[in-house]
Amino acid sequence: MPSMQTIDRAAVAHLILETLQDFDLPEESSVPAGFSEHTILFGRDGLLDSIGLVSFILDVEENLRARFGISITLADERAMSQNRSPFRSVSSLVDYAVQVAAERRGR
Amino acid sequence: MHSSPVMVISGARKGIGRYLAEHYLSAGWRVFGCSRTESDLHAEGYFHVCLDVSDEAAVCGLFATVREQAGRLDAVLNNAGIGSMNHALLTPASTVQSILNTNVTGTFLFCREGAKLMRLAGSGRIVNFVTVATPLRVEGEAIYAASKAAVLSLTQILAYELSGFGITVNAVGPTPIETDLTRAVPSPKLEALIGRQAIKRWGQFEDVANVTDFFIKPQSDFVTGQVIYLGGVS
């Protein structure tokens, strides 16, 4: 298990894309041929409905804990109050997860 | 790998929680109990953790332990609770905060962390504990009853929010039972309260277990957001 000292953005992006690959998307979703950081998760043209987003965020948190040994809460008040939701796309979620993980490490 | 089901019970050191821990251990469950102080219950399949149920980090730690040691969670019984029999005009804010922390925040944290584990299996049972003091509007129990009214509301809304994960959330409302909580209440008050029940007798631990048995059994997967008050109170 890599420690938090070695976590970088690419590792988090890889983990989130893997989590998305494994995620059980609703049948009515228009699933693209492949996922990338440009993939829209939530909101207009997003893959996930609100309950799907909850499950997906929990899966990401669980995988971050299992692989990197860090327990973080992604869906906190700060995330919910941002004008640009960190859950809009894979890319924005990666950025937010890296930011929260770094803050956690700095405590 | 164990196949026996796993349960978390808060407030498991004494009273109703202790009875339920022993009841479910004897039925083959593995039980993770918790309380503020150590338990003298030592039995195969029983694990005890000392914590304050309103301490978020400690509660997360308890459920991490359940995940690591048992790898599954089938039921949570949110039994831990405190009360304070006092006239509202004599109740300090610190008492209000303490009751809300234990009864509302604690119940919420156990629901949240329990549901995170249960959703991995796509099923689970949460039973919260409310009180007949709420529907009976018992004087002197304004804050206790109000805190349990919040637990009831939490139960009903979580029933909706967690149904997509196959998790049911229900509540049981015991009548007065002889526990530390009721020993602090004057006898005439309790007798008057029991007199307002449809069935006028003290509750027994077995009465509570009968309801939790019903809520957590597999066939109750279509029962959620419900409260059962004992003694015919409604």
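Two residues are in contact if their C-beta atoms, placed from the backbone, lie within 7 Å. The exercises below concern a predicted model.

**Exercise 1.** Find which residues B:I9 is in contact with, leaving aside its neighbours within four places in sequence.

*Solution.* Start at B:I9 and set aside the neighbours within four places in sequence. The contacts that remain are B:G17, B:L20, B:A21, B:V31, B:G33, B:L77 and B:N79.

**Exercise 2.** Place B:I9 in the largest nonpolar core, and state which helix of chain B gives the largest share of this core.

*Solution.* The largest nonpolar core has 59 residues. Within this core, B:I9 belongs with B:M7, B:V8 and B:V66 to the residues that touch the most other members. Next, look at the source of the members: helix α3 of chain B, residues 93-118, gives the largest share, nine residues. A second core, separate from this one, has 18 residues, among them A:L20, A:L48, A:V90 and A:L93.

**Exercise 3.** Describe the order of elements in chain B, then explain why chain B counts as compact.

*Solution.* First, count the elements: chain B has seven helices and seven strands. Read from the N terminus, their order is β-α-β-β-α-β-α-β-α-β-α-α-α-β. Then compare two values: the radius of gyration of chain B is 17 Å, and the globule rule gives 17 Å for 234 residues. The two are close, so chain B is as compact as a globular protein of that length.

**Exercise 4.** State what percentage of the residues in chain B are buried, and what percentage of its contacts with a separation of 6 or more join residues 24 or more positions apart.

*Solution.* Of the 234 residues in chain B, 44% are buried. For the contacts in chain B with a separation of 6 or more, residues 24 or more positions apart account for 68%.

Methods
Residues are numbered from 1 along each chain as its sequence is written. Chains are lettered from A and ligands numbered from 1 in the order in which they are written. This is a predicted model: local features need pLDDT of at least 70, side-chain atom pairs count only at pLDDT 80 or more; totals for chains, interfaces and linings use all residues. Helices (H or I, at least four residues) and strands (E, at least two) are DSSP runs, numbered from the N terminus. The radius of gyration is taken over C-alpha atoms; the globule rule is 2.2 Å times the number of residues to the power 0.38. A residue is buried if 20 or more other C-beta atoms lie within 10 Å of its own, exposed if 12 or fewer, and partly exposed in between; C-beta atoms are placed from the backbone. A nonpolar core is a set of buried Ala, Val, Leu, Ile, Met, Phe, Trp, Tyr and Cys residues joined through C-beta atoms within 7 Å.
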